[in-house]
Amino acid sequence: MRTRFTELVGVRHPIMQGGMMWVGRAEMAAAVSNAGGLGTITALTQPTPDDLRREIERCRALTDKPFAVNLTILPSVSPPPYAEYRKAIIDMGVKIVETAGGKPQEHVADLKAHGLIVIHKCTSVRHALAAERFGVDAISIDGFECAGHPGEDDVPGLVLIPAAADRIGIPMLASGGLADGRGLAAALALGADGVNMGTRFCATVEAPIHNSVKEFLVANSERDTALIFRNFHNTGRVAKNSVSERVVALSAEQGATFNDVRPLVSGAKGREALETGNLDAGLIWAGQVQGLIHDIPTCSALLTRIVGDAETIINKRLAASITAD
């Protein structure tokens, strides 16, 4: 498949692995890139910018294919040294960066000044248009189905993707609710140039998380997610477990503030869940696409299947629906 996205970043398949905290490590990114997609290292998974430098080196030892680094900018009482992480990305000669979060202009300007390709992840058409204006090379747009932070507009991909495609002139990836060839074919039909997947890549052999978590994702249905932080205007979608249920209950109490749930939602607890397989240790971020995940393949097998199925849908099923009359 050839799209504007594959041409932009130099990959074989129009499939990107999104940045995921604790999951976007060198072995994950390299496996996706070696399979023909665009793998992604998550910068803030590394405790320091120097650790990120070493992780980039480790990824280069595992693949000679293009890969990206994700830099997510989120509000925090004690924000990480974003500028130092950005400098590490530039210094290490990374060619592609996925940015996400609020007010990334400073980072985008510096990355672009050093010749990097910037893919910005957003959740609304208005934010995508703003990103296009300040110079990003491509957009990854998240529908309401997605894991992580889907924004506050609650617009699902079936509407959001074509709405964005109508107004955005640069390449665009569809994100949220995508796991198979049907999703890829649909995304292309709706105007996207490829797909960005997160939860689906968590249920692969190479994902650096405990197998119990992978089996949990396979067993879950599309109904097994919870929306948290709604009252705090920072909505997040996670897999249902005892922790997410407690967070939802506490948040609904009159006068609740984020401090009431803070001890339950720390990144350290989420990391513990992913690494130990204790499904009730912390939040497990996952999208509604869990309902479309039925196995734990290698990244190579997954991408081969997705692209093959999409090609069959486009060339056969859809073509067969057109008559000469």
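**Gly-37 and its surroundings in a predicted model**

Mentor: In this predicted model, Gly-37 is buried, with a relative accessible area of 2%.

Trainee: Why is Gly-37 called buried?

Mentor: Buried means under 20% relative accessible area. Gly-37 has 2%, so the word applies.

Trainee: Where does Gly-37 lie?

Mentor: Gly-37 is in the loop between H2 and strand E2 (39–42).

Trainee: What makes Ile-15 a contact of Gly-37?

Mentor: Contact means heavy atoms within 4.5 Å. Ile-15 is listed for Gly-37 once neighbours within four places in sequence are left aside, so the pair meets that cut-off. Gly-37 also has Val-11, His-13, Val-32, Pro-66 and Leu-303 in contact on that basis.

Trainee: Which residues touch the most other members of the largest nonpolar core?

Mentor: Ile-15, Leu-52, Ile-139 and Phe-201 do, in a core of 79 residues. Helix H14 (residues 299–320) gives the most to this core, with 7 residues. Setting aside neighbours within four places in sequence, the contacts of Ile-15 include Leu-303, Ile-306 and Val-307.

Trainee: How do helix H2 and helix H3 pack?

Mentor: H2 (residues 26–34) and H3 (residues 49–62) pack at an angle of about 35°, and their axes are 9 Å apart. H2 passes H3 in a right-handed crossing. Ala-26, Glu-27, Ala-29, Ala-30 and Asn-34 of H2 make the contact with Glu-55, Arg-58, Cys-59 and Leu-62 of H3.

Trainee: What makes 3 residues of this contact charged?

Mentor: Asp, Glu, Lys and Arg count as charged. Glu-27, Glu-55 and Arg-58 take part in the contact, so they are the 3 charged residues. Another 5 are nonpolar and 1 is polar.

Methods:
Residues are numbered from 1 along each chain as its sequence is written. This is a predicted model: local features need pLDDT of at least 70, side-chain atom pairs count only at pLDDT 80 or more; totals for chains, interfaces and linings use all residues. Side-chain values use heavy atoms; hydrogens and water are left out. A nonpolar core is a set of buried Ala, Val, Leu, Ile, Met, Phe, Trp, Tyr and Cys residues joined through side-chain atoms within 4.5 Å. Buried means under 20% relative accessible area, exposed over 50%, partly exposed in between (1.4 Å probe, protein chains only). Helices (H or I, at least four residues) and strands (E, at least two) are DSSP runs, numbered from the N terminus. Axes are lines fitted to C-alpha atoms, for helices over the stretch in contact, and angles run from 0 to 180 degrees between N-to-C directions. A crossing is left-handed if the near helix is turned anticlockwise from the far one by less than a right angle, and right-handed if clockwise.
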